[in-house]
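Dear colleague,

Please find the structure below, followed by a summary of what was found in it.

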Amino acid sequence: WLKWTQMTQHDIVQLVIKRIIPPEHSCSWVEFVAHGKAQERMYFCSHYWGEYFRDFMVTIDAHAAHNGEGLRANYWICVYAVNQHQIELG
């Protein structure tokens, strides 16, 4: 069993996003949790697919705190903003 602290961005897509959002109802994670309502972003953030999700979120939390945003901060992160069932690489 994979521990939460060892999950990478790849794991989040395969074990969470693609299992919760079926291909026949495909959309991005953001569209899913926001019920299709458009979301504004304050920051664009890139990521490494092999990094641990927990470490990534610690960095996002630190950035939001450093900028005085706290929970109000909105980030555009491709892994969550892109429909993972319709992505084409290459």
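**Findings: Trp-29, core and pocket**

Trp-29 is found in helix H2; helices (H or I, at least four residues) and strands (E, at least two) are DSSP runs, numbered from the N terminus. This is a predicted model, in which local features need pLDDT of at least 70 and side-chain atom pairs count only at pLDDT 80 or more, while totals for chains, interfaces and linings use all residues. Residues are numbered from 1 along each chain as its sequence is written, and side-chain values use heavy atoms, with hydrogens and water left out.

Trp-29 has a relative accessible area of 23% and therefore counts as partly exposed (buried is under 20%, exposed over 50%, partly exposed in between; 1.4 Å probe, protein chains only). Leaving aside neighbours within four places in sequence, Trp-29 is in contact (heavy atoms within 4.5 Å) with Val-16, Ile-17, Ile-20, Ile-21 and Tyr-80.

The largest nonpolar core (buried Ala, Val, Leu, Ile, Met, Phe, Trp, Tyr and Cys residues joined through side-chain atoms within 4.5 Å) has 16 residues. Those touching the most other members include Ile-17, Ile-60 and Tyr-80. Helix H3 (53–66) is among the elements that supply at least two residues of this core, and H3 gives the most, with four. Not counting residues up to four places away in sequence, Ile-60 touches Cys-45, Tyr-75 and Ile-77.

By class, the lining of the largest pocket has 19 nonpolar, three polar and five charged residues. Here Ala, Val, Leu, Ile, Met, Phe, Trp, Tyr, Cys and Pro count as nonpolar, Asp, Glu, Lys and Arg as charged, and the others, Gly among them, as polar. A pocket is an open set of points on a 1 Å grid over the protein atoms alone where a 1.4 Å probe fits, with protein on both sides within 12 Å along at least five of seven lines; lining residues have an atom within 4 Å of a point. H3 gives the most to this lining, with five residues.

Kind regards
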